[in-house]
Amino acid sequence: MSVTLTRNERQFANFISIIIFAFGVFLAAAGGNDPLSVHGFIIIAVGIAGFFFTADALYKPEPTEERLSYYYDEPIKAGVVLSMAWAVFAMFMGVWVASQLAWPNLAFEGAWSSFGRLRPVHTTGVIFGFGGNALIATSFHVVQRTSRARLPDQLSPWFVLVGYNLFCILAVTGYFIGITQSKEYAEPEWYADILLVIVWVTYFVLYLRTIARRKEPHIYVANWYYMAFILVVAILHVVNNIAIPVSLGHAKSYTAWAGVQDAMVQWWYGHNAVAFFLTAGFLGMLYYYLPVRAQRPIFSYRLSILSFWGITFFYMWAGSHHLHYTALPHWVQTLGMTFSVMLLVPSWASAGNALMTLNGAWGRVRDDATLRFIMIAAVFYGLSTFEGSFMAIRPVNALSHYTDWTVGHVHGGALGWVAMITFGAFYTLVPSLWRRERMYSAALVEVHFWLALAGTLVYVFAMWNSGIIQGLMWRTYTEEGSLAYSFLDSLVAMYPYYIARAFGGLLFLLGTIVGAYNIWMTIKAAPLAVPRKSDVPYSDAVAVPGE
Amino acid sequence: MGIEERDPVSGRKTTGHEWNGIKELDTPVPRGVLIFLIVTHVFAVICWFLLPAWPLGSTFTKGILETDQREIVEEKLVRAAAERASWMERIESATLKEIQADEQLMSIVNSTGHQLFGDNCAACHGVDGKGRANYPDLTDEDWLWGGSLDAIANTMRVGINTDHPEAQFAIMPSFGRDGILDRDQVRSAAAYVYSLSNPDYSTADNIDRIATGRNVYLSSCASCHGEDARGSQRVGAPNLTDQYWIYGGDLQTIVTSVHGGRQGHMPTWDERLTEAEIKILTLYVNSLQVEDP
Ligand code: HEC
Ligand code: HEC
Ligand code: HEM
């Protein structure tokens, strides 16, 4: 990687490594006996590694000007590999926590391996590790291709990627040793949050600079979605994480929000994390890799506009459906409910736009597992948004809330939509990035597809059943007006479904491992002599040299 | 670029833009989508009229129905209490013996007791009340503090080793750790106790140790567990001669009990459950006993 940087960039990278090192030293020293110092040492290690890595390259020859007539794909490759590594790790953790729910002894009486700590390791690992790296990698790919412009410099993409993964590592290692600010999907503490702000602002600026250099008169839909994702995640992250650390030497901090306002801010964040991280970003992915793979034009530009503005506008208001029947004032709940229902049409419009785009390519869907991944992703996207809008209606939520139904909904979205679209995108992206003719094995893509689909269906059906049974048991009364079941009775009833869910998760994990292997073997195969036309910017548009 | 083409499959024109080979059709938004959009918006507007919805400075629109979730919950609680009042009042006023004699009330006790026991007691005593390591079996005839209805009700009310003003204290001293007995004495006493429920253990090899243990027992343990080791419900000391154990009846666990002592904690339910609920649970626990001797 470092040889693709110019000398100035190498020096600057060297300098940044020293700052990171110094930051680590500060945390380690100030932390003392606080777990904070563990994170100080991790940051020190990253600083040292970065320093030697860039110092080593300082006096190697600089890249030639010829690079500017190609896209800058090195960080994308790293992002894909990181994403798959996180996927295998975090989905394994998922299977582990799922098994703990069926067989609690699998926590082995360790504090670090208890359910409460492993669960955020799983969620952070899949959402931010797997999903986040996939979004960063594909966004770099898509923005260059659809703007016909090279990334403006070589350093910022690496800074974004490395900084982001450092954030993920701080998050995950923190949970193991008990560091969390106990806000769901926003567990990392203040210093990790500050790091992410810096990384994210760099990311946004990098994206805007690339768009500004574009050779196309119009900005393609995928880029609208990626930009919405980056911008809104920045706002959400900052607002939800405003907190005051106990001291600069403590990992612990206290949030600036209190009581029901804290809950509302958290779920405004939580829901829009679903909306802009797990939806908008991946819709950006869909809008690029679907038409490329299907070789069909997007069904309707106007529908794209309608759904983009619908989604960005309505989602913002819907967060309170996570707090139905709580201390949150009734009127806020009504608003959350109605905006969630209005959100359905723009959401379905996106799913419909995707499926209609496949008209004329259904033969290919049948033969090509990669395109089938994308198609199934769109179907699950439609399914989980319908389900979400339905569950957001208060009386329905009265049944579904706190039950496994929510978990079923989440995984319809997470496995069926987010993961499937990512795999579809990767199988399209990997051969093109590494200039291979095709994936190492089409049969393994097929195997992965069926494992993933079977895993998702087993998982989601188990949780629907379990959730509805749970919800009904909790509200069944005897003739005399007493509750018919105790909570324990409902746990006993869930036991078979928990086993089924762990099995479904295992299938999905196996599929992911097959996918990782296939991608790895593709990377190891011999490259094509001549790059694809779509991977080289038109020669009349040699990119402007970066700064 | 910039040239509109006609897509042969759909017959639609493209918008004329192209990004690395990607094109878009200018298909108008399908009518179904628009209708559906209107339907969801109408639904929302109706909700806004009927329910509390929009903020207005320090207040908010109350909605035509004038509902409020707090009032709804309160009404529901009142209604639920009214539904249960017919039998609840009878349970409140009757004595335990009277309820026990009333078949209809007992069937209510059993169905209600099942849920109350599941939600409050089963985490420690097991769904079936049979206990598990460290938590006593409530279905056997072996009682620490007495198995009469009144004794069970009292144990529930004040708990064991709690800070309730009338709490019952079950303190098994830590003989080994506190240095009251030396290592050998602890092992001997344990061996003696073990032999009480395991006659096979009294072999020629062990007979001396058991005899020493018996002496230790008589001087250090009998005050609580009784000379015959059949326990005492006055101080909650368990019977050591039977097959029912709280912590375990194998030699090693007995050594651990004697060395480190035991102070099991049974919470008080005085303020957490109503008088009627305690009655229901008392009868329910008692019925576990009858059904499953
Ligand atoms: C936190 C765990 C815990 C819970 C919950 C609990 N118990 Fe107990 N209970 C105990 C322990 C421990 C003992 C034995 C104390 C000892 O060893 O001295 C005990 C003892 C008892 C006894 C006395 C047994 C005897 O032999 O005299 C009764 C009766 C009893 N529990 C009933 C209940 C009922 C009814 C409930 C539910 C309302 C309940 N317990 C909830 C832990 C618990
Ligand atoms: C001060 C009274 C007292 C004395 C003295 C005492 N015990 Fe205990 N013992 C108890 C009580 C009370 C318990 C029940 C503790 C509990 O349930 O948590 C108990 C429990 C036990 C148990 C565990 C029973 C089970 O079911 O697992 C053993 C074994 C035991 N005692 C043996 C002894 C021996 C041996 C001695 C003498 C060295 C002794 N005890 C002296 C009060 C006493
Ligand atoms: C129209 C779109 C959607 C709506 C209206 C919606 C609505 C809801 C509702 C009502 C809940 C349950 C809240 C509760 O009772 O606690 C929920 C939970 C959740 N949804 Fe969605 N959803 C939508 C789409 C999605 C998608 C596409 C994903 C992608 C993965 C997703 C991920 C989640 C997650 C992770 C949770 C769990 C939150 C928690 O931890 O409690 N949702 N959603």
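1. Let me start with the make-up of the shell around ligand 3 in this predicted model. Polar residues number 15 there, alongside eleven nonpolar ones and one charged residue. The shell holds 27 residues in total, and those that come nearest to the ligand are A:T385, A:G388, A:M391, A:H401 and A:G413.

2. Which helices of chain A build that shell around ligand 3 with at least two residues each? They are α8 (259-294), α10 (330-357), α12 (369-391), α13 (394-400) and α14 (404-433). Of the elements involved, α14(A) gives the largest share, with seven residues.

3. Turning to chain B, ligand 2 is surrounded by 28 residues, and B:M172, B:C221, B:C224, B:Y247 and B:G264 are the closest. Two or more residues of this shell come from each of α7 (183-197), α8 (207-220), α9 (222-225) and α10 (251-260) of chain B. By class, 19 residues around ligand 2 are nonpolar, eight are polar and one is charged.

4. Ligand 1 has 25 residues around it, with B:C121, B:C124, B:L144, B:G264 and B:M266 as the closest. Here α5 (122-125), α6 (149-158) and α11 (275-291) of chain B each contribute at least two residues. The shell around ligand 1 has 19 nonpolar and six polar residues, and no charged ones. You may like to look at B:G264 in particular: this residue is listed among the closest to ligand 1 and also among the closest to ligand 2.

5. One helix from the ligand 2 shell deserves a paragraph of its own. With 14 residues, α8(B) reaches 20 Å from its first C-alpha to its last, close to the 20 Å expected at 1.5 Å a residue. Its buried residues are B:I210, B:G213, B:V216 and B:Y217. Viewed down the helix axis, the buried residues of α8(B) fall within an arc of 120°, so they line one face of the helix. They pack against α7 and α9 of chain B, while B:I207, B:D208 and B:S219 are exposed on the other side of α8(B).

6. Finally, a word on where the two chains meet. The contact takes 40 residues from chain A and 47 residues from chain B. On the chain B side, α1 (31-50), α2 (69-93) and α4 (103-120) each supply at least two residues, and the largest share, nine residues, belongs to α1(B). The side of chain B that touches chain A divides into 24 nonpolar, 15 polar and eight charged residues.

Methods
Residues are numbered from 1 along each chain as its sequence is written. Chains are lettered from A and ligands numbered from 1 in the order in which they are written. This is a predicted model: local features need pLDDT of at least 70, side-chain atom pairs count only at pLDDT 80 or more; totals for chains, interfaces and linings use all residues. A residue is near a molecule or strand if its C-beta atom, placed from the backbone, lies within 6 Å of it. Helices (H or I, at least four residues) and strands (E, at least two) are DSSP runs, numbered from the N terminus. Ala, Val, Leu, Ile, Met, Phe, Trp, Tyr, Cys and Pro count as nonpolar, Asp, Glu, Lys and Arg as charged, and the others, Gly among them, as polar. Two residues are in contact if their C-beta atoms, placed from the backbone, lie within 7 Å. The expected span of a helix is 1.5 Å times one less than its number of residues. A residue is buried if 20 or more other C-beta atoms lie within 10 Å of its own, exposed if 12 or fewer, and partly exposed in between; C-beta atoms are placed from the backbone. The arc is that of the directions from the helix axis to the C-beta atoms.
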